[in-house]
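Got a minute to go through this one together? Here is the model, followed by some questions and answers.

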Amino acid sequence: MNRRNFVKNNVLTASALGLGTGLWAQPAKSAKAGKLFNMDYAPHDGMFANSAGKDFIDQIKYMYDKGFRSIEDNGMTGRTPEMQSKIGETLAKLNMRMGVFVVPKGGNGANTLAANKKEHLDIFLDGCRQSVEVAKRCNAKWVTVVPGDFQRDLPVEVQTAHVIDALRRGSEIFEPHGIVMVLEPLSDTPDLFLRTSAQTYEICRGVDSPSCKILYDIYHMQKNEGNIIKNMELTWSEIAYIQIGDNPGRKEPTTGEINYKNVFKWLHEKGYKGVLGMEHGISQPGKAGEDRLIAAYRECDAFM
């Protein structure tokens, strides 16, 4: 599944993990504002279109009123510069955070960095440079990178070295701007090179940059490896961003097999102050489905 189509329907290290006090400062009290969540869940464009209308700015304001304090927008690079800036300005006024958007490199499996082909690397690095300019407009600190498919005529160890080399080049672009590319292992197809948290951890340690960390998508990792809390514990030092989706179905928490209340409690006890991207669909249609979505997060967030 093309993740961009799916999602449509600050400094480095500690700041990238959301541990800096500036990034986690509480906004001023608002008569309209709903109760804050214990964790920082981030909806995306279209998630509340029935409740707030199709305009993304109106949706962001609605998200704020419902207690959310971050958003994410995988397709941000496809928006006009004017809209990118407007989103950034809206977030700043509301003291909300911008979560991930995807570095444009031609799709999850395309232009694989494992192949060590100059034309693939050039597309990736151009996407990194483009992402820096977009991040400045919307005040983003994290960008998603999927290295592409396996290059199956090469030993996996050689492919891994190629990916590390390419990501070091990308890190050199992002480091001066305090931007962290977060690598996402996926379950969409076995053709994709990046598949597990341990593999991604190894690559991040090889790149050895504060601008190259793990995006741990709980939905994908439940499908590929399970043992969610244990595997996050093992790779914790390289995790900078987390995404949510229940399995099976990739809908909101409480619709599948993952005990999100326990997962959120564990993350809270670990001291995680970063964004939890709501990269999933909604199990029921219309405004009633959007209300149920909020209720599900309230239920799972009630671990204190």
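**Strands, rings and a helix**

Five of the five residues of strand β8 (residues 239-243) are buried, so β8 is largely enclosed by the rest of the structure. Buried here means under 20% relative accessible area, with exposed over 50% and partly exposed in between (1.4 Å probe, protein chains only). Helices (H or I, at least four residues) and strands (E, at least two) are DSSP runs, numbered from the N terminus. Keep in mind that this is a predicted model: local features need pLDDT of at least 70, side-chain atom pairs count only at pLDDT 80 or more, and totals for chains, interfaces and linings use all residues. Residues are numbered from 1 along each chain as its sequence is written, and side-chain values use heavy atoms, leaving out hydrogens and water.

Q: In β9, which residue is the bridge partner of glutamine 243?
A: Strands count as paired if DSSP finds at least two bridges between them. β8 runs parallel to strand β7 (residues 212-217), with four bridges joining them, and aspartate 217 stands opposite glutamine 243. Two bridges join β8 to strand β9 (residues 275-277), again parallel. In β9, the partner of glutamine 243 is glycine 277.

Q: How many aromatic pairs does the structure hold?
A: Rings of Phe, Tyr and Trp (its six-membered ring) pair if their centres lie within 6.5 Å; planes under 30 degrees apart count as stacked, over 60 as edge-to-face and the rest as tilted. The count for this structure is eleven.

Q: How many residues apart in sequence are the parts that phenylalanine 150 and phenylalanine 193 tie together?
A: The two rings form an edge-to-face pair, 5.3 Å centre to centre with 65° between the planes. Phenylalanine 150 lies in the loop between β5 (142-145) and α6 (156-174), and phenylalanine 193 in the loop between β6 (180-183) and α7 (197-207), so the pair links parts whose separation is 43 residues.

Q: Is phenylalanine 193 buried or exposed?
A: Its pair partner, phenylalanine 150, has 22% relative accessibility and counts as partly exposed. Phenylalanine 193 has a relative accessible area of 0%, so the label is buried.

Q: What is the angle between the planes of tyrosine 260 and phenylalanine 264?
A: Both residues lie in helix α10 (residues 260-270), four residues apart, about one turn of the helix. Both are buried. Their rings make a tilted pair, 5.3 Å centre to centre, and the angle is 40°.

Q: How far from the ring centre of phenylalanine 37 is the charged end of arginine 298?
A: Phe37 belongs to one aromatic cluster, whose members include Tyr41, Phe48 and Tyr297. A charge sits over a ring if NZ of Lys or CZ of Arg is within 6 Å of the ring centre and within 35 degrees of the ring normal. Arginine 298 sits over the ring of phenylalanine 37 in that way, at 3.7 Å.

Q: How far apart are the end C-alpha atoms of helix α5?
A: The expected span of a helix is 1.5 Å times one less than its number of residues. Helix α5 (residues 118-138) has 21 residues and should span 30 Å, which agrees with its end C-alpha atoms, set apart by 30 Å.

Q: The side chain of asparagine 111 reaches the backbone oxygen of which residue?
A: Asparagine 111 is in the loop between β4 and α5, and at 19% relative accessibility counts as buried. The side chain reaches a backbone oxygen at 2.7 Å, and that oxygen belongs to lysine 105.

Definitions and conventions. Polar contact = N/O pair within 3.5 Å; in protein donor to acceptor, adjacent residues only side chain to side chain.
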